[in-house]
Amino acid sequence: MEPSAPRRRVTIVDVARHAQVSTTAVSKVLRNAYGASPQMQAKVRRAIDELGYRPHAGARGLRGKTYTLGVMLPDIRNPFFPEVLDGITHTLQDTEYQVLLGPGDCGEKGEARVTEALIDRGMDGLILVAPLASRKRLDEVASAVPTVIVGRHGSSPAYDTVADDDVEGASLVVGHLAALGHRRIAHIEHLETDPTRLAEMPNARRADGYRQAMRAHGLEECIDVVSTSYTQEGGYRGAKELLERQGTLRPTAVFAGADVVAMGALEAITEAGLSVPDDISVAGYDNTTFAAFGPVSLTSVDQAGHEIGRTAARLLLERIADRQRPSVQVKLSPTLVPRRTTARAPE
């Protein structure tokens, strides 16, 4: 049996013939340009629907816009990032823009490769979530295409930023645990050595916030930080290290720097034959769907991922419309959501 010939792509000429108007009129309707009457718009839109016409992104790009926005996510396995993506797509649902997603593969090289690919494919704008790139590199990206940076606390005249107040979020966790009578509160952080990222990345800010809050509650001598990674495996390894400590050296509460880290910590605690929260309390950060899942019921910091995404998309549309406007830095206030994984410290 001979394979069927590929279907010919419907063109703007086909739409014009079907609607019995000029190609110029169709172009005006597609661009929402001045001069297309409501009657003409209705005829053209009807023809587009009947023929199944789809504008060619490459051809649109030659005319100045592709109506596509690139989003780089550093780790698609982290359950927090889909919350940000939902906020982005929600804001764009009544626009002509479509999102193309690029996973950064948890590394600077993979992130750079994805970012360059999005630029090469003519994205009208980029949203980079928790990028590891240097400030110089971010400025270069933003000079090439309108850019919004999510989850970094630095600033630049070249791009807008949206971030959570991570220091305050960590303070909420420590305050909650201290109020429950805990003194030996440990923190599992993401290991960071780069000076710029130590100043700007959420994981470093949360670790700083933890230390500041412990001092504020008179618990400086109990500061206990384990450095692993913001992954489930990192949480597992971090908790194993903490649980190997004996007697008064073992914490009664663990503040995991992200919910995905808390997942690994809960696994290690259960494996050790201990109970949460009777033997040890656990708190996370991000308030993901995993945290709210009934059998888990993880105490967590809500940094409003959906709102972060909505704000980032709004700022990007504004920057696309006006490349010269002053850059904007938005910092959102987190809230603590107490659940069943935290309780009063054991006697």
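Colleague: Before we turn to contacts, how should I read the side-chain environment of Lys-240: is Lys-240 buried, exposed or partly exposed?

Modeller: Bear in mind that this is a predicted model. Buried means under 20% relative accessible area and exposed means over 50%, with partly exposed in between. Lys-240 has a relative accessible area of 33%, so this lysine is partly exposed.

Colleague: Which residue does Lys-240 meet in a salt bridge, and which parts of the chain does the pair link?

Modeller: A salt bridge is read from a side-chain nitrogen of Lys or Arg within 4 Å of a carboxyl oxygen of Asp or Glu. Here the partner of Lys-240 is Glu-271, with 3.6 Å from N to O. This pair links distant parts of the chain, since Glu-271 lies in helix α12 (residues 259–271) and Lys-240 in helix α11 (residues 232–243), 31 residues apart.

Colleague: How many salt bridges does a search of the whole structure find, and where do Glu-140 and Lys-136 lie?

Modeller: The search of the whole structure returns 21 salt bridges. Glu-140 and Lys-136 form one with 2.7 Å between N and O, and both residues belong to helix α7 (residues 135–144), where they stand four residues apart, about one turn of the helix. Glu-140 is partly exposed at 34% relative accessibility, whereas Lys-136, at 59%, counts as exposed. The two residues also take part in a network of salt bridges that links them with Glu-116 and Arg-137.

Colleague: What are the relative accessible areas of Asp-286 and Arg-206?

Modeller: Asp-286 is buried at 5%, and Arg-206 is buried at 4%. These two residues form a salt bridge in which the closest N and O atoms are 3.9 Å apart. The pair links distant parts of the chain, with Asp-286 in the loop between β9 (281–285) and α13 (289–292) and Arg-206 in helix α10 (residues 202–216), 80 residues apart.

Colleague: Turning to the backbone, what is the sign of phi at Asp-286 and at Asn-287?

Modeller: Asp-286 has a positive phi of about 130°, although this residue is not a glycine. Asn-287, likewise a residue other than glycine, has a positive phi near 50°. Asn-287 lies in the loop between β9 and α13, and with 16% relative accessibility it counts as buried.

Colleague: Lastly, which way round is the peptide bond from Val-276 to Pro-277, cis or trans?

Modeller: That bond is cis, with omega near 10°, and Pro-277 is found in the loop between α12 and β9.

Technical notes:
Residues are numbered from 1 along each chain as its sequence is written. This is a predicted model: local features need pLDDT of at least 70, side-chain atom pairs count only at pLDDT 80 or more; totals for chains, interfaces and linings use all residues. Side-chain values use heavy atoms; hydrogens and water are left out. Helices (H or I, at least four residues) and strands (E, at least two) are DSSP runs, numbered from the N terminus. Buried means under 20% relative accessible area, exposed over 50%, partly exposed in between (1.4 Å probe, protein chains only).
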